[in-house]
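Biologist: Could you take a close look at one part of this model for me, the aromatic rings and the sheet that goes with them? Plain talk is fine, but please give me the cut-offs.

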Amino acid sequence: MIMSDLPPDLVDEILCRVPATSLKRLRSTCKRWNALFKDRVFTEKHFHKAPKQSLVFALKYEEPYALEESNAFLVSVSLDAPSPSIEIKVALSLMDPASSSKEVGIDEIIHCDGLLLCITNMDDRIVVWNPCSGETRWIQTEPYYYLFALGHDNNKLCHAYKILMFYRRNNIDVFEIYELSSDSSRVLDDVTLDWSFEPTCVSLEGNSYWYSSDQKDAFLISFDFRRERFRHLCLPTFQSHGRICLSVVREEQLSVLHKCYNTSKMEVWVTSKIDTEAALWTKSFTVDLHNDFDKVPFRFLIDEEKKVVVCCNVDMTVYTIDKYNAESSSVVSSTVLSWHPLIYSYVPSLVQI
């Protein structure tokens, strides 16, 4: 018996359990399988049933900082001591919709469900991009927009994706919601800022998270795309002031890295639970940077099972931790690249925009 002899419903059940990158290679096999990529019911079912593949997405910057061509890549990270490395595996091209021969550089990305919200070097446009399926949606913006986030109403069977956009004009803070399903935007009412936050966010289960602070405390700001409201969540209790970065673990947990300013200690925490009221945190490990005291990460990825964290600053520093004796851990090795990397966790999907 061959696949074409099986009932269509059974074929769909088999294919919705095939990883996205593998299924992509089968797309050209026959017209029916190609049509599945445009079937929203199938792509939603595939998103929930297919194994998740954790890949590393990187933006590459080289001096001088000119982004006149695509700078997006899938990379592999080698943790082998004494010289860890990042190897470019696949170059990904994002083309200018106004010119099929011109590539677009990316300044920043926000990842959600395999979709990438790309803040480009074009002042008046952003794009939502699915690198796995190749689908894009270009969105007109204004140069004065300052903050973007991508999420969805996670209470629905088929996710309704939205973009949160923020700008400040005449000392007035304005938040807008752009709905991809209707290609329309609207202003959020009754939203005021009594805190500041870094513009870079992470997305988990359809909601967005930022590190924030006021004159007294550091905390998380979360935006709930279903209720379209901000909320404060607690961070772990740190012993001293330091640099704080956010990341996501396997699309399942939030992770926070804290690098003390006045000591060589660095901590990594992960959430054990997030609900509408609070975030509960568990310390994953502590590492003493010793001679790398002055290295302050601004991006990181974590492998919770292997107790490994990969950090970016000007160079790429790799930290490996003894999972059974975290307090005595130490830095294994570091390496300096010829380019300035920004790294992101990326989980391919067939989700439609």
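Modeller: Sure, charges over rings to start: one counts if NZ of Lys or CZ of Arg is within 6 Å of the ring centre and within 35 degrees of the ring normal. Lysine 52 does that over the face of phenylalanine 47, at 3.7 Å from the ring centre, and arginine 125 sits over tryptophan 138 at 5.6 Å. Bear in mind that the model is predicted, with local features needing pLDDT of at least 70 and side-chain atom pairs pLDDT 80 or more, while totals for chains, interfaces and linings use all residues. Residues count from 1 along each chain as its sequence is written, and side-chain values use heavy atoms, leaving out hydrogens and water.

Now the sheet. It is open, with four strands ordered β8-β9-β10-β11 and antiparallel pairing (strands are DSSP runs of E, at least two residues, numbered from the N terminus; a pair needs at least two bridges). At the edges, β8 (147-152) and β11 (184-187) each pair on one side only. Strands β9 (161-169) and β10 (172-179) share eight bridges, and tyrosine 167 stands opposite valine 174 of β10.

As for ring pairs, centres of Phe, Tyr or Trp (its six-membered ring) must lie within 6.5 Å; planes under 30 degrees apart are stacked, over 60 edge-to-face, the rest tilted. That rule gives eight aromatic pairs. Phenylalanine 166 and phenylalanine 175 make a tilted one, 4.7 Å between centres and 35° between planes. Both belong to one cluster with Trp210, Phe223, Phe225 and Phe230. Phenylalanine 166 counts as buried because its relative accessibility is 4%, and buried means under 20% relative accessible area with a 1.4 Å probe, protein chains only. Phenylalanine 175 is buried too, at 2%.

Conventions
Buried < 20%, exposed > 50% of the residue type's maximum accessible area, 1.4 Å probe, protein only.
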